[in-house]
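User: I'd like a close look at one pocket here, and then a wander outward through the helix packing and any closed-off space. Keep it loose, but give me the cut-offs.

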Amino acid sequence: MAADLKFSSQHPKPASLSVQYGTAGFRTVAAHLDHVMYRMGLLAVLRSKKTKSVIGVMVTASHNPEEDNGVKLVDPMGEMLAQAWEVYATNLANAEEQELPAVLADIIRQEAIEMDQEAHVAIGRDTRPSSENLSCSVIDGVIALESKYHDYGLVTTPQLHFIICCRNTDGRYGEPTIQGYYRKLATAFNNLIDQAPGSIGGCICLNVDGANGIGALKLKEMEQHLKPVLSVKLYNEGFSGKLNCQCGADYVKVQQKPPQGIDLKPAERCCSFDGDADRIVYFYKENDGTFHLLDGDKIATLISTFIKELLVKAGLDLKMAVVQTAYANGSSTRYLEDIMKVPVYCAKTGVKHLHHKAQEFDIGVYFEANGHGTVLFSKAAEEQIKQLLGEETSDDKRKAARMLESTIDLINQTVGDAISDMLVIEAILYLKGLTVQKWDEIYTDLPNRQFKVTVADRRVIETTDAERRTVKPPGLQEKIDELVKKYNMSRAFVRPSGTEDVVRVYAESDTQENADALAHEVSLAVFHLAGGVGDEPRPLR
Ligand SMILES: CC(=O)N[C@H]1[C@@H](OP(=O)(O)O)O[C@H](CO)[C@@H](O)[C@@H]1O
Ligand SMILES: [Mg+2]
C-alpha cells in the first residue's frame, strides 16, 4: 500500500532518534517531533477507519517547558488511545522512512482495517510557539491517507476530548463545538448556583493562575457565559510570561509554593491550571504566610462528599467509589474509607489506569494527587437520576436529583478538565457556604516528600500491588520495609517514572522532618541497589 506516501519526505526522521508513546503520548523537545506528528496523522486515520469514528490528535506537552512539545491521540468516546495501539504508535514513530509503508501495512493487516472506510480526524493544539507548525504536520499525515479532518486550532486538551465524544455520540453528549462546550458547562454551573439556599449570597472571588497557557485564554472566552456571581481574576495569562515557567499546577504542587506573578493575599482562594488545562490545584496562604495546597486528593474528597450527600437526599442507592494512585496522601485515603465510608481503590499512575477502574462503578470519582481527574457516571446512574425527575416525589428529592443532573452536565466525563473541575469546586463551595480554609480542614495531609533518583537503567525496578511494592531488584523492598518501620505513621514506595528518565521516591510520615529523612534513606537504598549514577542523594537538611 501507499508505496509513495505523500509529504513523507518533507517530514524526515532525524537519524538515530527513538521515541516512545508513554503515559501521555509522545513528549520531547519540539525540534524532534515533526516526523512524529506526520506519522500520528497517519495513525489517527487508521484508528478512525478501524473504529469508524472521529479520532482526535492533540498537540501539547502539558506542563513541560515551553521548548518541549508532544502529541496524544484521543479515542472515540474521548478517552485516551487504547493501550494496544500505543505499540503501533511507537513503531510508526521510530520507523526509517523507507520502512514506513511496510509498518503501516502491518498495522492494517494486524487490525484488519478496511481501507475504503471513511476517516475523520479532529486536531487541536496548545499555545506553544511550535504547536501551529506541528499541527500542520499532523494534517499532512491525514491528507497523505486522503482523509477528512477538522482543525479546531487553539483548544484545551479536555475541550478536544469533549468535542470528540460529542461528535461520536451524534451530539448526545453536547454540541461538538467550543461554544457548545461553554454553553453546556455554563448552563449546568448557573443551574447549580441557582439551587443555593436564600441565605447564601455574595460573590465568589477566585484568583486563577493560567500557567501562561491555553487555559487562561479559554476561561476568558467562557466567562461571559457564567453567572456574574463568579468573579475571576486571571494571572499568568500568557501575554508576557513563559508557559509553565515558575507557574502552573505542576510547579505549585511539586514546589509546594505559590506561582510567580500572583499577588497572594492571606485567605484568598487561588487555583492553578497546567499548560493544557487538564489539571488543577487550589491553594491559599494564612495570615502568617503559611502556604496551603489543596491537591487532587482534597478535590476528590470534596466532590465525593457532595455527591454522596445528594445521593442520600435523593434516596438513590448507587455504588460510588474513589480511585487514587499510590501518591494519594494517606490521610485522604483514611478519611474517605473510615469517615465517609466510601470504598477507595488504588490504580497505577497514569490517568488511563484510573479512568478504567472508575468505569466499574455507578459513580467513579478519580483524581491523581497532582490534580488530574474527573467523575464518571454509568448509564444506569444517569438513567436512575433522570427517572426520579420524571416521578411524583418530594420537593427535597427532586431538588437533589436536579442538582445531580446539573453536576453530571458540569463535569467533563471524558478526561480531567481544569475549567470544568474548577466550576464544580466553586459551585460546591458556594452551595455549602464553605471557605477554602474550611474545605482544607476536612482532613490534614500527612507531611510528604517526593525525590527523583537517577539510575543507569530505571527498568531494573519492577513493581507490583499498584506500584506500591517492588519485586526487583532483589532486596530493595525488604530495605524499604525496614526503613519505613523506623518512622511513625509512615509509608514509602519507589517506581520508575513513565515520563522522565528517573526513579521516583515517595515518602510520608508524622512530621516533615521524618518524611524528608525517610525519602532520603529510601533514595539511598535505590541508589545503591538499583544502579544509581552520579552523586549519592543528599539529605534535604
Ligand atoms: C507522580 C506524578 O505526578 N506522576 C505524573 C507523571 O507520571 P510519571 O510516570 O510519574 O512520570 O506524568 C503523568 C502524565 O502527565 C501523570 O499522569 C502522573 O501523575
Ligand atoms: Mg496536562
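Analyst: I'll start with the pocket, move on to the helix contacts, and finish with cavities and a couple of backbone oddities.

This is a predicted model, so to speak of conventions: local features need pLDDT of at least 70, side-chain atom pairs count only at pLDDT 80 or more, and totals for chains, interfaces and linings use all residues. Residues are numbered from 1 along each chain as its sequence is written, chains are lettered from A and ligands numbered from 1 in the order in which they are written, and side-chain values use heavy atoms, with hydrogens and water left out.

The second largest pocket comes to about 880 Å³. A pocket here is an open set of points on a 1 Å grid over the protein atoms alone, with protein on both sides within 12 Å along at least five of seven lines, and a residue lines it if it has an atom within 4 Å of a point. Points are joined across faces, edges and corners, and the volume is the space filled by probe spheres set on them. There are 25 lining residues, and those closest to the pocket's centre are Tyr 173, Phe 377, Lys 379, Glu 382 and Gln 413.

Which elements supply at least two residues each to that lining? They are α11 (351-358), β14 (373-377), α12 and α13, with α12 giving the most, at 5 residues. (Helices are DSSP runs of H or I, at least four residues long, strands are E runs of at least two, and both are numbered from the N terminus.) By class the lining has 9 nonpolar, 7 polar and 9 charged residues; Ala, Val, Leu, Ile, Met, Phe, Trp, Tyr, Cys and Pro count as nonpolar, Asp, Glu, Lys and Arg as charged, and the others, Gly among them, as polar.

Now for α12 itself. Helix α12 (residues 379-390) packs on helix α13 (residues 395-410) at about 140 degrees, with the axes 9 Å apart. The axes are lines fitted to C-alpha atoms over the stretch in contact, and angles run from 0 to 180 degrees between N-to-C directions. That angle is why α12 counts as oblique to α13: under 35 degrees is roughly parallel, over 145 roughly antiparallel, 65 to 115 roughly perpendicular, and the rest oblique. The crossing is left-handed, meaning the near helix is turned anticlockwise from the far one by less than a right angle, whereas clockwise would be right-handed. On the α12 side, Glu 382, Ile 385, Lys 386, Leu 388 and Leu 389 make the contact (heavy atoms within 4.5 Å), and α13 answers with Lys 397, Arg 398, Ala 401, Arg 402, Leu 404, Glu 405 and Ile 408. This contact has 6 nonpolar, no polar and 6 charged residues.

Over at α1, the make-up reads otherwise. Helix α1 (residues 34-51) and helix α3 (residues 100-110) have axes that come within 11 Å and cross at roughly 25 degrees, which makes α1 roughly parallel to α3. Their crossing is right-handed. Tyr 38, Arg 39, Leu 42, Leu 43 and Leu 46 of α1 touch Leu 100, Leu 104, Ile 107 and Ile 108 of α3, giving 8 nonpolar, no polar and 1 charged.

α1 also packs on helix α2 (residues 86-94), at about 135 degrees with axes 9 Å apart, so α1 is oblique to α2. This crossing is right-handed too. His 35, Val 36, Arg 39, Met 40 and Leu 43 of α1 meet Tyr 88, Ala 89, Leu 92, Ala 93 and Asn 94 of α2.

As for closed-off space, a cavity is a set of grid points where a 1.4 Å probe fits but cannot get out. There are 2 cavities of 30 Å³ or more. The largest holds about 50 Å³, and its lining includes Tyr 21, Lys 72, Glu 86 and Lys 352. The second largest holds about 30 Å³, with Met 80, His 355, Tyr 366 and Thr 414 among its lining residues.

Two backbone details to finish. The peptide bond from Lys 472 to Pro 473 is cis, with omega near -5 degrees, and Pro 473 sits in the loop between β17 (469-472) and α16 (476-485). Phe 7, in the segment before β1 (26-29), has a positive phi of about 70 degrees although it is not a glycine.
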